[in-house]
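Look first at where the parts of this protein meet. Then turn to the ligand and to the charged pairs.

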Amino acid sequence: MEQLEKIKNAIIETMPALAKSATEEALKNGISAKDILNEALIPGMDEVGRLFREGEYFVPEVLVSAKAMNASMDLIEPLLVGDGVKKVGKVVAGTIEGDLHDIGKNLVCMMLKGAGFEIIDLGVDVKPEVFVEATRQHQPHIIVISALLTTTMLNMPKVIDALKTNGLRERVKVLVGGAPVNQDYADEIGADGYSEDSSSAVELARRLVAV
Ligand code: B12
């Protein structure tokens with residue numbers, strides 16, 4: 001669809017203002033927030049990833065693309081989330097220590113919020129002790145940990161170890177994800193769950209709290 005292409009291209013071509021206006025236009029024309037997410041934002045960012053990988057884009061371009069994606073996300077989030085949804089569980093979320101990538105983590109949080117979870121978002125570069133403290137303070141059902149770098153995913157088990165050391169491991173389910181993470185790694189570090197995208201993360205979170 002032409003309007004979804006326009007949003008996608010605004011992300012790829014690093015144009016936040018256009019991403020915003022094209023999203024406003026699409027919503028006005030009755031295109032759903034879910035279609036904007038799945039058919040424009042995610043494929044747009046995937047393409048940016050490819051350009052970065054192949055050396056056509058550098059960090060500044062990727063940052064502006066991320067800004068364009070966020071400009072659109074700000075508009076669709078309230079529609080994806082919906083008001084007055086009964087809370088089904090509490091989630092503490094964060095990107096692991098050393099890692100500044102937050103687009104995927106934010107998407108997972110947004111989808112979980114939409115499914116009725118209460119989210120405590122600790123942001124990026126979150127140290128194990130900060131996850132522990134938030135677990136003590138908020139008593140979540142689930143901890144969501146995101147990593148986008150092969151180097152930082154190695155910090156994920158440190159959170160699990162820190163929870164054990166502090167006697168909190170049995171109280172909370174740990175969900176891990178992000179591009180370099182897979183089911184084998186999740187099993188190896190003793191996480192309770194892994195999923196590859198934000199929609200399946202919701203299903204998994206629901207199962208973990210047995211909704
Ligand atoms: C955007 C981006 C950046 C932006 C981040 C902006 C931001 N606010 O997030 C900036 C420019 C800052 C950046 C910096 C760097 N980046 Co970068 N970046 C990317 C890029 C292009 C896209 C990532 C993204 O947002 N994808 C879109 C989202 C929606 O996907 P996602 O994060 O995978 O999330 C989905 C799933 O994984 C899952 N998910 C995510 N988290 C979780 C958690 C749970 C619990 C669950 C269940 C699911 C889940 O659900 C999400 C939605 O479906 C990727 C390439 C790529 N295609 O992945 C490189 C990439 C991740 N970056 C890379 C690198 C190397 C870097 C830098 C080291 C570059 C540098 N030399 O400085 C720095 C590191 C900075 C740091 N300390 O973190 C490499 C990593 C390589 C590796 N193997 O480790 C990649 C793969 C690019 C590449 N091919 O070289 N980056």
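Across the interface of domain 1 and domain 2, 0 residue pairs are in polar contact, counting pairs with both residues at pLDDT 80 or more. A polar contact is a pair of N or O atoms within 3.5 Å; within protein, one must be able to donate a hydrogen and the other to accept it, and residues adjacent in sequence count only if both atoms are side-chain atoms. The rule also finds 0 salt bridges across this interface. A salt bridge here is a side-chain nitrogen of Lys or Arg within 4 Å of a carboxyl oxygen of Asp or Glu.

On the side of domain 1 that touches domain 2, two or more residues each come from α3 (33-53) and α4 (59-81). Helices are DSSP runs (H or I, at least four residues), numbered from the N terminus. The most comes from α4, with 6 residues. This side of domain 1 holds 8 nonpolar residues, no polar ones and 1 charged. Ala, Val, Leu, Ile, Met, Phe, Trp, Tyr, Cys and Pro count as nonpolar; Asp, Glu, Lys and Arg count as charged; the others, Gly among them, are polar.

The model is predicted: local features need pLDDT of at least 70, side-chain atom pairs count only at pLDDT 80 or more, and totals for chains, interfaces and linings use all residues. Residues are numbered from 1 along each chain as its sequence is written, and side-chain values use heavy atoms, with hydrogens and water left out.

How much area is buried between domain 1 and domain 2? About 830 Å², with 79% of it from carbon and sulfur atoms. Buried area is the accessible area (1.4 Å probe) that two parts lose on being put together, summed over both. Domain 1 spans 2-81 and domain 2 spans 89-208, with bounds from an automatic or database domain assignment. Their centres, taken over C-alpha atoms, are 25 Å apart.

Now the ligand. It is surrounded by 32 residues (a heavy atom within 4 Å). The closest are L100, H101, D102, S146 and T150. A backbone N or O atom of L100 sits 2.6 Å from a ligand oxygen. A polar backbone atom of T150 is 2.8 Å from an oxygen atom of the ligand. H101 uses its side chain: an N or O atom there is 2.7 Å from a ligand nitrogen.

Last, the charged pairs. The salt bridge count comes to 9. In one salt bridge, the side chains of E5 and K8 meet at 3.9 Å, N to O. Both residues lie in helix α1 (residues 2-12), 3 residues apart, about one turn of the helix.
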